[in-house]
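Visitor: I have not looked at this one before. Could you walk me through it?
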Amino acid sequence: MSLLSDLINLNLSETTEKIIAEYIWVGGSGMDIRSKARTLPGPVSDPAKLPKWNYDGSSTDQAPGDDSEVILYPQAIFRDPFRRGNNILVICDVYTPAGEPLPTNMRYDAAKIFSQPDVVAEEPWYGIEQEYTLLQKDINWPLGWPIGGFPGPQGPYYCGIGADKAYGRDIVDAHYKACLYAGINISGINGEVMPGQWEFQVGPSVGISAGDELWAARYILERITEIAGAVVTFDPKPIQHQVHERGWRFEVIKKAIEKLGLRHKEHIAAYGKGNERRLTGKHETADINTFSWGVANRGSSIRVGRDTEKNGKGYFEDRRPASNMDPYLVTSMIAETTILWKP
């Protein structure tokens, strides 16, 4: 095994200028992350200088078998924390050979919105909280839960420490450091109220980069759990059990919130699958059918912090998106509604 580890950790720069680029994209379900690697003649830092590539879309539910070629367009580069050196991770979006974006390509429309002059002028910042649950691989049951049973009542697990409260911290810390190494603007991590459930935050990131960074962070987390022999799920409520669910100037903020309320149904439709199981009006969530906002109210659709109210400026938190939401779709929709839309 030590020889295998030695080979995995070979420093290519000692013998060649060539690098490995891992091309990453989102598959047909909208949540399955795919990747494959290719050799490049030397280091690359500009995605525009990377070659396009192709793959078999019939194997990812993105193309029919008789016309299966899908084209990868490189869009963002991150350092590769697994191969290290000059090797890179490449976030791509997907197109037909004729250059048309696939229906699953949420980045394409998001990039158009973020390139609008009015949106560019506002320079929208996003901080995304990504909650997830770590599962035991062979039984798909959360880490720290008795097999077939349920944990004790919530209380000791949120930001808890100790072998009987925090499960999977080695995965969480490895992911945290790997994201920082990769150049992702990860800003923190914490344990959540359910054992086996964790959260990381990406941001503040500007515009389209928020989506690029979150997908890269999700990819790295999937790879680390693969190595650790665990499974990660972004399902907003992976176990049907009564525990906690996942997921400017003040006057300008209030106007933005008012506009979000007017398009509540449209946003809910885009905010992730299975959200009706999460937004029940219980366990610090708002009811999925009712829009609300409040200061320091975690049971509302939109939460405004006390500091924002006090200082007359700051940020607001949209608490409706599910943990399996598409960040390109959600961030661009918020920008479109709050900046571009004229009710």
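Guide: A definition to start: two strands pair if DSSP finds at least two bridges between them. The model here is a predicted one. By that rule for pairing, S11, S12 and S13 form an open sheet of 3 strands, in the order S11-S12-S13, with mixed pairing.

Visitor: Which strands are at the edges of that sheet?
Guide: Strand S11 (293-295) and strand S13 (316-318) are the edge strands, and each pairs on one side only. Neighbouring strands of the sheet are turned by 20 degrees against each other on average, with direction ignored.

Visitor: How many bridges join S12 to S13?
Guide: There are 3 bridges between strand S12 (residues 302-304) and S13, and the two run antiparallel. Arg303 has Glu317 of S13 opposite.

Visitor: What about the loop between S11 and S12, what sits there?
Guide: Ala296 lies in that loop. Ala296 is not a glycine, yet its phi is positive, about 60 degrees.

Visitor: And is Ala296 buried, exposed or partly exposed?
Guide: Ala296 is partly exposed, because its relative accessible area is 39% and partly exposed covers what lies between under 20% and over 50%.

Visitor: Where is Glu123, and what is its phi?
Guide: Glu123 belongs to the loop between helix H3 (117-122) and S6. Its phi is positive, about 50 degrees, although Glu123 is not a glycine. Glu123 counts as partly exposed, at 43% relative accessibility.

Visitor: Change of topic. What is the order of strands in the sheet of 5?
Guide: The order is S2-S1-S5-S4-S3, in an open sheet with mixed pairing. S2 and strand S3 (53-56) stand at the edges with a single partner strand each, so one side of each has no neighbour in the sheet. From one strand to the next, the twist averages 40 degrees.

Visitor: How do S1 and S2 run, parallel or antiparallel?
Guide: S1 and strand S2 (residues 33-40) run antiparallel and are joined by 8 bridges. In this pairing, Val26 stands opposite Ile33 of S2.

Visitor: What lies between S1 and S2?
Guide: The two strands form a hairpin, with 6 residues between them. Gly30 is in the turn and has a positive phi of about 90 degrees.

Visitor: And S1 with S5, parallel or antiparallel?
Guide: S1 and S5 pair in the parallel sense, over 4 bridges. Glu22 stands opposite Leu89 in S5.

Visitor: How many residues of S1 are buried?
Guide: 7 of its 8 residues are buried, so S1 is largely enclosed by the rest of the structure.

Visitor: What about S3 and S4?
Guide: S3 pairs with strand S4 (residues 69-79) in the antiparallel sense, over 4 bridges. Asp56 has Glu69 in S4 as its bridge partner.

Visitor: Now the inside. How much space is in the largest cavity?
Guide: The largest cavity holds about 140 Å³ of space. Its lining has 15 residues, and those nearest its centre are Trp25, Val26, Cys92, Asp93 and Tyr328. Val26 is also the residue opposite Ile33 in the pairing with S2.

Visitor: Which elements supply the lining of the largest cavity?
Guide: Strand S1 (19-26), strand S5 (88-95) and helix H2 (106-114) each supply at least two residues. S5 gives the most, with 4 residues.

Visitor: What classes of residue are in that lining?
Guide: The lining has 10 nonpolar, 2 polar and 3 charged residues.

Visitor: One more topic. Which peptide bond is cis?
Guide: The bond from Gly203 to Pro204 is cis, with omega near 0 degrees. Pro204 is in strand S9 (residues 197-206).

Visitor: How far is Pro204 from Gly127?
Guide: Gly127 and Pro204 are 77 residues apart in sequence, and 4.7 Å apart in space from C-alpha to C-alpha. Gly127 is placed in strand S6 (residues 125-136).

Visitor: What does Gly127 touch?
Guide: Leaving out residues up to four places away in sequence, Gly127 touches Val202 and Gly203. Gly203 is also where the cis bond to Pro204 starts.

Visitor: Is Gly127 buried or exposed?
Guide: Gly127 is exposed, because its relative accessible area is 62% and exposed means over 50%.

Terms used
Residues numbered from 1 in each chain as written. Predicted model: local features only at pLDDT ≥ 70, side-chain atom pairs only at ≥ 80, totals over all residues. Heavy atoms only, no water. 1 Å grid on protein atoms, 1.4 Å probe; cavity = no way out; pocket = protein on both sides within 12 Å on 5 of 7 lines; lining within 4 Å. Points joined across faces, edges and corners; volume = space filled by probe spheres on them. Nonpolar A, V, L, I, M, F, W, Y, C, P; charged D, E, K, R; others polar. Buried < 20%, exposed > 50% of the residue type's maximum accessible area, 1.4 Å probe, protein only. Contact = heavy atoms within 4.5 Å. Axes fitted to C-alpha atoms, helices over the stretch in contact; angles between N-to-C directions.
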